[in-house]
Amino acid sequence: MLTAAELAARTDRAVDTAVSVTRDHGYRPGTPRVLHGLFSVVVALEPEPVVVRVRTGLPPGLDPAGQAEQ
């Protein structure tokens, strides 16, 4: 179980990733707004019509090596 500080840091990293990737694809996101955060963080990047899902956790039974194999 993550602490509140760890969850906040994970969400911040996911938002930073969403903004960075969106900019890399030529969009100009404004202020990001977190719509949901659990196994993924979903971020609206208004005024662009873009919503980004950043996976932040793995489903039970799947580890990073197993995910790479898939």
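Two strands count as paired if DSSP finds at least two bridges between them. Helices (H or I, at least four residues) and strands (E, at least two) are DSSP runs, numbered from the N terminus. The structure is a predicted model, in which local features need pLDDT of at least 70 and side-chain atom pairs count only at pLDDT 80 or more, while totals for chains, interfaces and linings use all residues. Residues are numbered from 1 along each chain as its sequence is written, and side-chain values use heavy atoms, with hydrogens and water left out.

**Figure 1. Overview of the protein, with 2 helices and 3 strands.** From the N terminus on, the elements follow the order α-β-β-β-α. The C-alpha trace spans about 40 × 30 × 15 Å along its principal axes. Of the 70 residues, 26% count as buried; buried means under 20% relative accessible area, exposed over 50%, and partly exposed in between (1.4 Å probe, protein chains only). Contact means heavy atoms within 4.5 Å. Among contacts between residues at least 6 apart in sequence, 18% join residues at least 24 apart.

**Figure 2. Confidence of the prediction, lowest in helix α2 and highest in β2.** The pLDDT is the predictor's confidence in each residue, from 0 to 100. Its average over the protein is 88, and 97% of the residues score at least 70. Helix α2 (residues 64–69) has a mean of 72, whereas β2 reaches 95. Where pLDDT is low, the predicted coordinates should not be read in detail.

**Figure 3. The open sheet, with 3 strands in the order β1-β2-β3.** The pairing is antiparallel. At the edges lie β1 (33–37) and β3 (51–55), each of which pairs on one side only. The twist averages 20° from one strand to the next; axes are lines fitted to C-alpha atoms, for helices over the stretch in contact, and angles run from 0 to 180 degrees between N-to-C directions. Strands of a sheet pair through backbone hydrogen bonds, either parallel or antiparallel.

**Figure 4. Bridges on the two sides of β2, with V41 as a shared point of reference.** Strand β2 (residues 40–44) is joined to β1 by 4 bridges, and 5 bridges join β2 to β3. V41 is the bridge partner of G37, and the bridge partner of V41 in β3 is V54. A hairpin is formed by β2 and β3, with 6 residues between them.

**Figure 5. The two faces of β3.** V52 and V54 belong to the covered face, while V51, R53 and R55 belong to the uncovered one. In a regular strand the side chains alternate between the two faces of the sheet.

**Figure 6. Helix α1 and its packing against the three strands.** Helix α1 (residues 4–24) has 21 residues and reaches 30 Å from its first C-alpha to its last, close to the 30 Å expected at 1.5 Å a residue. The expected span is 1.5 Å times one less than the number of residues in the helix. R10, A14, V15, A18, V19 and T22 are buried in α1, and the buried residues of this helix pack against β1, β2 and β3. An α-helix has 3.6 residues a turn, so residues three or four places apart point the same way.

**Figure 7. Surroundings of T22 in helix α1.** T22 has a relative accessible area of 5% and is therefore buried. Not counting residues up to four places away in sequence, T22 touches Y27, P29, L45, V50 and V52.

**Figure 8. G26 in the loop between α1 and β1.** Just after α1, G26 takes a positive phi of about 90°. G26 is exposed, with a relative accessible area of 61%. From C-alpha to C-alpha, G26 and V15 are 17 Å apart in space, and they are 11 residues apart in sequence.

**Figure 9. Surroundings of V34 in strand β1.** At 40% relative accessibility, V34 is partly exposed. Its neighbours within four places in sequence aside, V34 is in contact with T11, V15, V41, V42 and V43. The C-alpha atoms of V34 and D12 are separated by 9.7 Å, with the two residues 22 apart along the chain.

**Figure 10. The salt bridge of R33 and E46.** The structure holds 1 salt bridge, defined as a side-chain nitrogen of Lys or Arg within 4 Å of a carboxyl oxygen of Asp or Glu. The side chains of R33 and E46 meet at 2.7 Å, N to O. This pair links distant parts of the chain, 13 residues apart: R33 lies in strand β1 and E46 in the loop between β2 and β3. R33 is partly exposed, with a relative accessible area of 40%, and E46 is also partly exposed, at 41%. Side chains of opposite charge can pair when their charged atoms come close.
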